[in-house]
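These notebook entries record what I looked up in the structure shown below. I proceed from the overall fold to individual residues.

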Amino acid sequence: PLADAIGGFRILLRRRNRGQFLLLAAMFAYYIGFAGLDAMFPIYGVNVLGLTPGRAAFILTAFAGAFLVAAFFAGLLGTRFGMLPTMLVGLGAIPVLFVIAAQVRNVTVLMAVFVVGGLAWALVNVQAMPLIADLGGRNRIGFYIGMYYLFTMVGQLLGSPVIGGVMDVFGDGAMFYGAAAAYGLGFVLLRRGRRLLPASPEELARREAELGR
């Protein structure tokens with residue numbers, strides 16, 4: 001019911017549940033960068049790199065292709081080293097790669113940067129939903145997965161206007177910097193949220209029981 005969802009969301013905003021909220025806020029932030037870059041890169045490619053719209057869109061396949069290739073291995077790394085540490089590595093790398101990409105005018109080099117970016121994105125995105133699902137334990141998986149989709153889809157909806165607005169104000173070349181800022185904010189929020197998560201299974205069970213009231 002809607003009333004239960006609203007009540008659960010209010011509980012999520014309470015101070016003692018701030019860690020879970022910050023993890024979701026991190027995903028909201030970096031999806032703005034992801035969706036904004038995906039939508040605006042063809043414009044950047046035409047205006048800055050002098051490419052045709054089709055060629056500019058094709059360059060993005062390097063990012064997507066690298067993500068698909070790396071997804072399985074990213075899952076293994078998340079299992080081996082932990083989902084949050086693995087995500088932080090990816091989120092730390094992507095803003096650096098975008099700043100580098102902003103300086104590149106050679107298409108081949110730019111595609112190589114996107115390949116590495118796709119590998120880093122796999123470290124982030126493959127872990128995200130399992131991480132959020134685990135926050136609720138067995139009784140609140142649906143609630144947390146719903147929150148995951150809410151935060152990430154709103155982030156995707158805002159990506160184009162936010163990054164497009166950055167380009168309107170600062171020029172097309174600011175696209176990469178705007179996306180890097182969104183991912184960087186995601187890194188900060190995720191790192192902060194990690195520190196505020198429940199420290200023990202007993203604490204998680206207590207919060208889970210509270211959400212179920």
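**Entry 1. Overall fold.** I note at the outset that this is a predicted model. I counted the secondary-structure elements and found 8 helices and 0 strands in the chain. Read along the sequence, the pattern is accordingly α-α-α-α-α-α-α-α. I then looked up burial: of the 213 residues in the chain, 46% are buried. For contacts with a separation of 6 or more, I found that 82% are between residues 24 or more positions apart.

**Entry 2. Helices α2 and α5.** I examined the packing of helix α2 (residues 18-47) and helix α5 (residues 107-135), whose axes come within 11 Å and cross at roughly 150 degrees. The crossing of α2 with α5 is left-handed. On the α2 side, I listed the contacting residues as Gln-20, Leu-23, Leu-24, Met-27, Tyr-30, Tyr-31, Phe-34 and Phe-41. From α5, the contributors include Leu-110, Phe-114, Trp-121, Val-124 and Asn-125. Sorted by class, this contact comprises 15 nonpolar residues, 2 polar residues and no charged residues.

**Entry 3. Aromatic residues.** I searched the whole structure for aromatic pairs and obtained 20. One pair I inspected is Tyr-148 with Tyr-149, which is edge-to-face, with 5.4 Å from centre to centre and 75 degrees between the planes. Are the two partners buried or exposed? Tyr-148 has a relative accessible area of 7% and is therefore buried, the limit being under 20%. Tyr-149, at 42%, is partly exposed, because this value falls between the 20% and 50% limits. I also recorded one aromatic cluster, formed by Tyr-30, Tyr-31, Phe-34, Phe-41, Tyr-44, Phe-63, Phe-98, Phe-114, Trp-121, Phe-176 and Tyr-183. Among these, Tyr-30, Tyr-31, Phe-34 and Phe-41 of α2 and Phe-114 and Trp-121 of α5 also belong to the contact recorded in Entry 2.

**Entry 4. Thr-86.** I located Thr-86 in helix α4 (residues 83-102). Its relative accessible area is 6%, so I class Thr-86 as buried. What does the side chain of Thr-86 reach? I found the backbone oxygen of Leu-77 at 3.4 Å from that side chain. Leaving out residues up to four places away in sequence, Thr-86 touches Ala-74, Leu-77, Gly-78, Phe-81, Leu-123 and Gln-127. Leu-77 thus appears both as a contact of Thr-86 and as the residue whose backbone oxygen the side chain reaches.

**Entry 5. Arg-105.** I found Arg-105 in the loop between α4 and α5. Arg-105 is partly exposed, with a relative accessible area of 46%. Beyond residues up to four places away in sequence, Arg-105 touches Tyr-44, Val-48 and Leu-49. With Tyr-44, Arg-105 makes a side-chain to side-chain polar contact of 3.3 Å; Tyr-44 is also a member of the aromatic cluster in Entry 3. A polar atom of the Arg-105 side chain also lies 3.0 Å from the backbone oxygen of Ala-102. How far apart are Arg-105 and Val-48 in sequence and in space? I recorded 57 residues along the sequence and 8.2 Å from C-alpha to C-alpha.

**Entry 6. Leu-185.** I placed Leu-185 in helix α7 (residues 175-196). With 45% relative accessibility, Leu-185 is partly exposed. The C-alpha atoms of Leu-185 and Ala-26 are separated by 7.0 Å, although these residues are 159 residues apart along the chain.

Technical notes:
Residues numbered from 1 in each chain as written. Predicted model: local features only at pLDDT ≥ 70, side-chain atom pairs only at ≥ 80, totals over all residues. Heavy atoms only, no water. Helix = DSSP H or I, 4+ residues; strand = E, 2+ residues; numbered from the N terminus. Buried < 20%, exposed > 50% of the residue type's maximum accessible area, 1.4 Å probe, protein only. Polar contact = N/O pair within 3.5 Å; in protein donor to acceptor, adjacent residues only side chain to side chain. Contact = heavy atoms within 4.5 Å. Axes fitted to C-alpha atoms, helices over the stretch in contact; angles between N-to-C directions. Left-handed = near helix turned anticlockwise from the far one by under 90°. Nonpolar A, V, L, I, M, F, W, Y, C, P; charged D, E, K, R; others polar. Phe/Tyr/Trp six-rings, centres within 6.5 Å; stacked < 30°, edge-to-face > 60°.
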